[in-house]
Amino acid sequence: IVFNPDTATAAIGDTVEFHFYPKNHSVTQGDFDSPCGTGSLTNGFFSGYVPSASEEAPNVFQITIADTNPIWYYCSQGEHCASGMVGVINPPASGNSLAAYKAAAAGSTTVTTPAQVQGGSLV
């Protein structure tokens, strides 16, 4: 279970689109220091759960990039995050890495799921 791709680079104003494949996934903005959780984020994005029985879901989740800071994200479904379903937009040139985020997520025993869709559009 992975995001493909799990790394992307986007400029200010770009729209990033997440597509969903079987069976039931989400994309949730996370905090590097709180793998599989939102940490101190109060306005991160969350797609809600997007189910699909056998092929790509008809809906996609879109976010607009506001700055070029790293944006860490994960799937909040069950153990998907701990199993490696994490990613980053605009990874830093040094320091925190996707490999480190994945490794920390693998040790996570809890997952944060926001209460509602936010920070983007399910279209």
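**Two pockets and a buried histidine**

The second largest pocket is lined by 16 residues, and those nearest its centre are Q29, F45, D67, P70 and I71. In this predicted model, the elements that contribute two or more residues to the lining of the second largest pocket are the strands β4 (28-30), β6 (60-64) and β7 (71-74). The space in this pocket comes to about 250 Å³. Sorted by class, the lining of the second largest pocket holds nine nonpolar, five polar and two charged residues.

We turn next to the largest pocket, which offers about 350 Å³ of space. Its lining is made up of 16 residues, and F3, N4, P5, F18 and H19 are the closest to the centre. Two elements, β1 (7-8) and β2 (15-19), each supply two or more residues to this lining. Of the elements, β2 gives the most to the lining of the largest pocket, namely four residues. Here the class division is 11 nonpolar residues, four polar and one charged.

Away from the pocket descriptions, H25 invites a closer look. This histidine sits in strand β3, which spans residues 23-25. H25 counts as buried because its relative accessibility is 8%, under the 20% cut-off. The side chain of H25 has a polar contact, at 3.1 Å, with the side chain of H80. H80 also appears among the residues in contact with H25 once neighbours within four places in sequence are left aside; the others on that list are I1, F20, G48, Y49, V50, C75 and M85.

Notes: Residues are numbered from 1 along each chain as its sequence is written. This is a predicted model: local features need pLDDT of at least 70, side-chain atom pairs count only at pLDDT 80 or more; totals for chains, interfaces and linings use all residues. Side-chain values use heavy atoms; hydrogens and water are left out. On a 1 Å grid over the protein atoms alone, a cavity is a set of points where a 1.4 Å probe fits but cannot get out, and a pocket is an open set with protein on both sides within 12 Å along at least five of seven lines; lining residues have an atom within 4 Å of a point. Grid points are joined across faces, edges and corners, and a volume is the space filled by probe spheres set on the points. Ala, Val, Leu, Ile, Met, Phe, Trp, Tyr, Cys and Pro count as nonpolar, Asp, Glu, Lys and Arg as charged, and the others, Gly among them, as polar. Buried means under 20% relative accessible area, exposed over 50%, partly exposed in between (1.4 Å probe, protein chains only). A polar contact is a pair of N or O atoms within 3.5 Å; within protein, one must be able to donate a hydrogen and the other to accept it, and residues adjacent in sequence count only if both atoms are side-chain atoms. Contact means heavy atoms within 4.5 Å.
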